[in-house]
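Here's a quick briefing for anyone opening this structure for the very first time. Have a look at it, then read on.

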Amino acid sequence: MSNPFILLWLEAPLQSWGADSRFGRRDTLDFPTKSGLLGLLCCALGAGGEQRELLDEMAKLRQTVLAFQRERGERPPLLRDFQMVGSGYNEKDKWETLLIPKKRDGGGAVGGGTKMTYRYYLQEAAFAAALEVPAARAGEFAEALQSPVWDIYFGRKCCAPTDLVFRECFETEAEALEAASAIAAGKSLREAFRVRDYAPGDEGEGEVVALNDVPVQFGPRKKYRQRRVTIIHHNDEE
């Protein structure tokens, strides 16, 4: 028995899909990552902690993302959010002092511990993701995505969806992608590009890149491994 595909519709004012971000600069890719979508699924399931077994089960399964944009016009530029962490606290207030960053020995950090961060977001983006899921768990996943245990969001907690995320379960990937194109057409959106798992010979189809976005372990000590994907722009397919 072949595995089915769950179709997710990802549309929001802001989305952020980081793959190699550091504390001071939180970048975003132009499309949803495998780690981000599996994190979304874990939120829907209420599955906390490392989740090594679930992630191992999902790691080898396929994922294809379609990126859409308006029929006319380009996608909006990235939004950059500047934040300062660890500043503005009253050192005479014993409770506020607990929030001031400190060195390992408990002493004051150099410069007071204030950190500057830049966080980047996609604006007004819309994606469809076809996720291959184990046949035995398709019903469980579908139910969770329709009635999530925890809030689901697109990369960061401020990136809340503005439309239904779960869009049915399909027997084949082709059926799921066809349904995604129909949803996009109803919103006057056209496909800009797609991201699929790499297959031998893809070098002539589009841009092949390596991403460190396959989660091996969630929780406090996250671990990831690489995968290769092929990015095919709409003009390349015509």
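Are D213 and R227 buried or exposed? Both D213 and R227 are buried, meaning under 20% relative accessible area, while exposed means over 50% and partly exposed lies in between (1.4 Å probe, protein chains only). Keep in mind that this is a predicted model: local features need pLDDT of at least 70, side-chain atom pairs count only at pLDDT 80 or more, and totals for chains, interfaces and linings use all residues. Residues are numbered from 1 along each chain as its sequence is written, and side-chain values use heavy atoms, with hydrogens and water left out.

**Salt bridges**

- There are 12 salt bridges in the structure, each one a side-chain nitrogen of Lys or Arg within 4 Å of a carboxyl oxygen of Asp or Glu.
- R227 pairs with D213 (2.8 Å, N to O), and that pair links distant parts of the chain, with D213 in strand β8 (residues 207-217) and R227 in strand β9, 14 residues apart.
- R227 also has a salt bridge with D197, with the closest N and O atoms 2.8 Å apart; here β9 (residues 223-233) is linked to strand β7, 30 residues along the chain.
- D197 counts as partly exposed because its relative accessible area is 22%.
- D202 and R196 meet through their side chains too (2.8 Å, N to O); D202 is buried at 4% relative accessibility, whereas R196 is partly exposed at 28%.
- E11, D163, R167 and K187 form a salt-bridge network.

**Helix α1 and the cores**

- Helices (H or I, at least four residues) and strands (E, at least two) are DSSP runs, numbered from the N terminus.
- Helix α1 (residues 34-45) should span 16 Å, because its 12 residues are taken at 1.5 Å a residue, and its end C-alpha atoms are indeed 16 Å apart; the expected span is 1.5 Å times one less than the number of residues.
- Of the 12 residues in α1, 11 are buried.
- The largest nonpolar core (buried Ala, Val, Leu, Ile, Met, Phe, Trp, Tyr and Cys residues joined through side-chain atoms within 4.5 Å) has 46 residues, and L8, L10 and F127 have the most contacts inside it.
- α1 gives the most to this core, with eight residues.

**Strand β3 and its partners**

- Seven of the eight residues in β3 (residues 63-70) are buried.
- β3 runs antiparallel to β5 (residues 115-132), joined by six bridges; strands pair if DSSP finds at least two bridges between them.
- β3 also pairs with β7 (residues 189-197), again antiparallel, over six bridges.
- V65 has A129 as its bridge partner in β5, and stands opposite V195 in β7.
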